[in-house]
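Trainee: I should like to understand how the terms used for a protein structure are justified. May we take them one at a time?

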Amino acid sequence: VSFGAKAPPTLLVLTAEAKVQNGAAKTGDASEAMIVLIPDIPRKLDTNRVPVQIDDGSIAYLKDAFWADKPSRLMQSLLVETLSAKTSKMILSEVEAGGKAGSYLSGNLSEFGIDARVNQAVVIFDAVKIVRGKALLKQRFEAREKMGAIAPGEASAALNRAANKVAADIADWVSTNP
């Protein structure tokens, strides 16, 4: 008996380069914590497929390349781990903060795929930092990584490097803009 489509041979994931060390602890009031929200994404990224920009007006999806989760959730998880590792901020989930977090990181993940015109992985994230009682901060972060061939393994590695670069830049931005 067979149910559904054939499973892909592998699933792609993002792996944080900056990781919280085992046993590391932070203490503080929930009002000082930051919550990383799931970023908004355009329709082309609302899938587990890897988009490939063919030209200015068309995209395709990379054959045999499937993310383990949607790019918005993968990027959120990468940001949580990177911010936890690289900043002094306590990063909590919305449930852990109990509605009392003092700051939020939101944003729009507008690009997370391959540009076939230049053989590059592209990640573009418009980050918004929201701190109670302060003005909003918004900044665009972009990273591009060269690829040899447009293939699942190379796409995964290049997108992982680009996403980690964006996450590290956002962590630096958060640290310098309290």
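Trainee: In this predicted model, how do you know that β5 and strand β6 pair, and in which sense?

Mentor: Two strands count as paired if at least two bridges are found between them. β5 and β6 (residues 120-131) have 12 bridges, in the antiparallel sense, so the criterion of at least two is met. One of these bridges has Gly107 with Ala127 of β6 as its partner.

Trainee: What lies between β5 and β6 in their hairpin?

Mentor: The hairpin has 4 residues between the two strands. In the turn, Asn119 has a positive phi of about 50°.

Trainee: What makes strand β2 a partner of β5?

Mentor: Strand β2 (residues 49-55) shares 2 bridges with β5, and the requirement is at least two, so the two strands pair. Their sense is parallel, and Gln53 stands opposite Asp115 of β5. Strand β1 (residues 34-36) also runs parallel to β5, joined by 3 bridges. There, Ile35 stands opposite Tyr104.

Trainee: Why is strand β5 called largely enclosed?

Mentor: A residue is buried when its relative accessible area is under 20%. In β5 (residues 103-115), 11 of the 13 residues are buried, so the strand is largely enclosed by the rest of the structure.

Trainee: What makes the contact between Arg117 and Asp56 a salt bridge?

Mentor: The cut-off is 4 Å between a side-chain nitrogen of Lys or Arg and a carboxyl oxygen of Asp or Glu. The closest N and O atoms of Arg117 and Asp56 are 2.5 Å apart, so the pair is within the limit. Arg117 lies in the loop between β5 and β6, and Asp56 in the loop between β2 and β3, so the salt bridge ties together parts that are 61 residues apart in sequence.

Trainee: Why is Asp56 called exposed, and why is Arg117 called partly exposed?

Mentor: Exposed means over 50%, and partly exposed lies between 20% and that value. Asp56 has 73% relative accessibility, so it counts as exposed. Arg117 has 43%, so it counts as partly exposed.

Trainee: How do you know that Asp46 and Lys70 form a salt bridge?

Mentor: Their side chains meet at 2.9 Å, N to O, and the limit is 4 Å, so the term applies. Asp46 lies in the loop between β1 and β2 and Lys70 in the loop between β3 (58-66) and α1, so the pair ties together parts 24 residues apart in sequence. Asp46 is partly exposed at 32% relative accessibility, and Lys70 is partly exposed at 30%.

Trainee: What makes Glu142 and Arg144 a further example?

Mentor: Their closest N and O atoms are 2.8 Å apart, so they too fall within 4 Å. Salt bridges that share partners also join Arg43, Asp46 and Lys70 into one network. A search of the whole structure finds 9 salt bridges.

Trainee: How many residues of the lining of the largest pocket are nonpolar, polar and charged?

Mentor: The lining divides into 7 nonpolar, 2 polar and 3 charged residues. Among the lining residues are Met90, Ser84 and Lys89; Met counts as nonpolar, Lys as charged, and Ser, being in neither list, as polar. The volume of this pocket is about 180 Å³. Both α1 (71-86) and β4 (91-92) supply at least two residues of its lining.

Note on methods
Residues numbered from 1 in each chain as written. Predicted model: local features only at pLDDT ≥ 70, side-chain atom pairs only at ≥ 80, totals over all residues. Heavy atoms only, no water. Buried < 20%, exposed > 50% of the residue type's maximum accessible area, 1.4 Å probe, protein only. 1 Å grid on protein atoms, 1.4 Å probe; cavity = no way out; pocket = protein on both sides within 12 Å on 5 of 7 lines; lining within 4 Å. Points joined across faces, edges and corners; volume = space filled by probe spheres on them.
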